[in-house]
Amino acid sequence: MITRVLLKRFMIRLLLGLILISSVPFESLFTLPALANGPDGSADWSECASEGGLCTFTGTKEVRFWGIGTPALPANYGFTSQLMTGGTLCTVAAFGYSDPAFGTIKSVTTATYSWIAK
């Protein structure tokens, strides 16, 4: 009798959980929120190149080398950041062989503001 009651409670909770999950789009469970223009939702960033491409810009900017995997959970993404002038290749070598998220597709983003040396 106790087993039957416990099984019934479990089934009710399972069904309620499935109803809640089914109301959320499946893709949103595995993607980063697009709160702003940076891959992590940070503001003032612009994508410049995909992995293997060339990113060019004027002046000196902070440049981030991003790796974003699937699913896009915190364990599957990260970046390394450097100040660069004029541009860079979107490669691990260009960022000192520092791979922010091994095994993921990479991209380069630049800050929308420039650094001015005094």
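Where does S98 lie? I began with this residue, bearing in mind that the model is predicted, and I found S98 in the loop between strand 3 (77-89) and strand 4 (105-111).

**Entry on S98.** I looked up how far S98 is covered, and its relative accessible area of 32% makes it partly exposed. Setting aside residues up to four places away in sequence, I noted that S98 touches F65, T80 and V92. For one of these partners, T80, I also checked the backbone, and the C-alpha atoms of S98 and T80 are separated by 7.0 Å although the two residues are 18 residues apart along the chain.

**Entry on the cysteines.** I then turned to the sulfur atoms, where the count comes to one disulfide. I recalled that a disulfide is a covalent bond between the sulfur atoms of two cysteines. Here the bond joins C48 to C55, with a distance of 1.9 Å from S to S, and the link of C48 and C55 is right-handed, with 100° about the S-S bond. Are its two ends buried or exposed? C48 counts as partly exposed, at 27% relative accessibility, whereas C55 is buried, its relative accessible area being 0%.

I also looked at C90, which is in no disulfide, and its nearest cysteine sulfur, that of C55, is 8.0 Å away. Since two cysteine sulfur atoms must be within 2.5 Å to count as a disulfide, the 8.0 Å between C90 and C55 leaves C90 outside such a link. C90 counts as buried, at 0% relative accessibility.

**Entry on the core.** Which residues make up the largest nonpolar core? I listed nine residues, namely A49, C55, F57, V63, F65, M84, C90, F95 and V108. The largest share of this core comes from strand 2 (residues 54-68), which supplies four residues. Both C55 and C90 belong to this core, and so does F65, which I had already met as a contact of S98.

I followed C55 further and, leaving aside its neighbours within four places in sequence, found it in contact with C48, A49, G86, G87, T88, V108 and T110. Among these contacts are A49 and V108, which are also listed in the largest nonpolar core.

**Entry on the surface.** Last, I looked for nonpolar side chains on the outside, and I noted a nonpolar surface patch of about 380 Å² made by L7, F10, M11 and L14. For L7, one of the residues of this patch, I looked up the secondary structure and found that L7 lies in helix 1 (residues 2-22).

Note on methods
Residues are numbered from 1 along each chain as its sequence is written. This is a predicted model: local features need pLDDT of at least 70, side-chain atom pairs count only at pLDDT 80 or more; totals for chains, interfaces and linings use all residues. Side-chain values use heavy atoms; hydrogens and water are left out. Patches are made of residues with over 30% relative accessible area and no salt bridge: like charges are joined within 9 Å, nonpolar side chains (Val, Leu, Ile, Met, Phe, Trp, Tyr) within 5 Å. Accessible areas come from the Shrake-Rupley method with a 1.4 Å probe; for residues, only the protein chains shown count as cover. A salt bridge is a side-chain nitrogen of Lys or Arg within 4 Å of a carboxyl oxygen of Asp or Glu. Helices (H or I, at least four residues) and strands (E, at least two) are DSSP runs, numbered from the N terminus. Buried means under 20% relative accessible area, exposed over 50%, partly exposed in between (1.4 Å probe, protein chains only). Contact means heavy atoms within 4.5 Å. A nonpolar core is a set of buried Ala, Val, Leu, Ile, Met, Phe, Trp, Tyr and Cys residues joined through side-chain atoms within 4.5 Å.
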